Amino acid sequence: MSENGLTAAQHKMRDAGVAEQAITVFTHYYRSLEAGATGLIPEETIEPLTRIDSLADVEVSEEAAREALSRTVLIRLNGGLGTSMGLDRAKSLLPVRDGKTFLDLLVDQVAAARRRYDVSLPLILMNSFRTREDSLEVLAGRPEIQVDGLPLDFLQNREPKLRADDLTPVEWAADPELEWCPPGHGDIYTALLASGLLDTLLDKGYRYAMTANSDNLGAAPSARIAGWFAASGAPYAPEMCRRTPADVKGGHLAVRKSDGRIILRDTAQTPEDQMHYFTDQFRHPFFHTNNLWFDLKVLRDTLVERGGILGLPLIKNSKTVDSADSSSTPVIQLETSMGAAVEAFEGATAIEVPRSRFLPVKTTNDLLLVRSDVYEVDDDGLLQMVPERACTVNLDPRFYKKIQDFEARFPDGVPSIKDAQTLTVEGDWTFGSGVVATGEAHVEAGGSPGRIADGARI
């Protein structure tokens, strides 16, 4: 029955114009699923990775840094809609500071690095079909970001969601778009090859790529890291941060006992009864930022050698076809992680970076933080933290989880929190202007819905 499912899925992908390389990769993972692959990485099969290079100890000359950056291209993952926050367009188009979006600040960061180092430093987005048009429209208003001979984006591939009961492509007449899903951000390597962009970049003299999520405002261009990576001779290296109790969900690197390779393990790849190992910040002291550096030539040679298949570990993602409807048809999405490519390259390494290079916005709690006076934006588009430690924000998800609800409750801007250790809001409150939170600020549910008065101190 599953052979019929694979054939049907392949036909569906071809009819939709999906690249043959992507169909080949999908076929590989379909057969892995069929063979019983779970993608799980038990603790007994790995050794913790406890020592890596630290950027704080790296010495790179200004000239070596500039030379490496001159051969680097920035790729940003821009396919997400931020649906968990109630968005229906690219999350990178959400206003963050002074009316500027994530994408605006990213362009500012790239422009500043170009001026400082006198390099071309292309910025290229990996878009999805649902984020491409709006994002390119914004970039059209910043013509200076274009680099001659290179596109501003390339498209992430897509694949059919599979029925959990028989592994055939799901049908959903209510919204046929929901029959499709992205193959995870591990698709970046296939998409670079299939689009022809990988060859184009190499032909134009670029050797290195730095990749990050478009909602991570900390992942700015870094000539110093570029210089370190070029000098290391490594084919691949992720940026890692030291874990704190707040980082229990972040993937970590480990050493596979069977072959000594560095590998990435995410939450979905950890057996449920071993999550206490995964979340132990002392056993696994570094978390994966999803800021990656890789050698474009090594990537192309490896993909050619392996027939377009890097062989990243499968992530079996069980969902419903309509994620907003738990009663809709159960499906399986075949995914891979971009960071899992660390195991695909002999000699891959990693580097510890400051926490300032990891500043993603996944929730409205994060959004309030980056909009607040905890940060200032410098002339290079970088967010600089004002206090020594950022406030921990906890907003009642019943009233603040969706962006429309969040904006409605902060019509005059978010409160000052630079002198607060925590801000916890319970219940339904609309904040006036000039509200100041200090210490362990707590707004209780009693009396809500209500309004926090202008200039109030909490």
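**Exercise 1. Trp228, Phe229 and their ring partners**

Work out whether Trp228 and Phe229 are buried or exposed, and which rings link up with them in a cluster.

*Solution.* Step one: Trp228 is buried, and so is Phe229. Buried stands for under 20% relative accessible area, exposed for over 50%, and partly exposed for what lies in between, using a 1.4 Å probe and protein chains only. This is a predicted model, where local features need pLDDT of at least 70, side-chain atom pairs count only at pLDDT 80 or more, and totals for chains, interfaces and linings use all residues. Residues are numbered from 1 along each chain as its sequence is written, and side-chain values use heavy atoms, leaving out hydrogens and water.

Step two: look for ring pairs. Rings of Phe, Tyr and Trp (its six-membered ring) pair if their centres lie within 6.5 Å; planes under 30 degrees apart are stacked, over 60 edge-to-face, and the rest tilted. The whole structure gives ten aromatic pairs. In one of them, Trp228 and Phe229 have ring centres 6.3 Å apart and planes at 45°, so the pair is tilted. Phe229 and Trp293 also have ring centres 6.3 Å apart, with planes at 45°, so that pair is tilted too.

Step three: place them along the chain. Phe229 sits in helix H8 and Trp293 in strand E15 (residues 286–295), so their pair ties together parts that are 64 residues apart in sequence. Helices (H or I, at least four residues) and strands (E, at least two) are DSSP runs, numbered from the N terminus. Trp293 is buried, at 1% relative accessibility. Add Tyr208, and ring pairs link Tyr208, Trp228, Phe229 and Trp293 into a cluster.

**Exercise 2. Asp215 and His185**

Find which side chain makes a polar contact with the side chain of Asp215, and whether His185 counts as buried, partly exposed or exposed.

*Solution.* Start with Asp215, in the loop between strand E11 (208–213) and helix H8 (223–232). Asp215 is buried, with a relative accessible area of 4%. Its side chain makes a polar contact with the side chain of Lys362, at 3.1 Å. That term covers a pair of N or O atoms within 3.5 Å; within protein, one must be able to donate a hydrogen and the other to accept it, and residues adjacent in sequence count only if both atoms are side-chain atoms.

Now for His185, which UniProt lists for "binding site" in an unreviewed entry; such annotations may be inferred rather than shown by experiment. His185 is in the loop between strand E10 (180–181) and helix H6 (188–194). At 28% relative accessibility, His185 counts as partly exposed. Not counting residues up to four places away in sequence, His185 touches Leu77, Met126, Asn290, Thr336, Ser337 and Met338, where contact means heavy atoms within 4.5 Å.

**Exercise 3. An open sheet**

Say which strands stand at the edges of the sheet E21-E22-E24.

*Solution.* First, the order: three strands form an open sheet as E21-E22-E24, with parallel pairing. Two strands pair if DSSP finds at least two bridges between them. Next, the edges: E21 (392–395) and E24 (436–443) each have a single partner strand, so one side of each is left without a neighbour in the sheet. Then zoom in: E22 (residues 416–425) and E24 pair over seven bridges, and Ala420 stands opposite Gly439 in E24.
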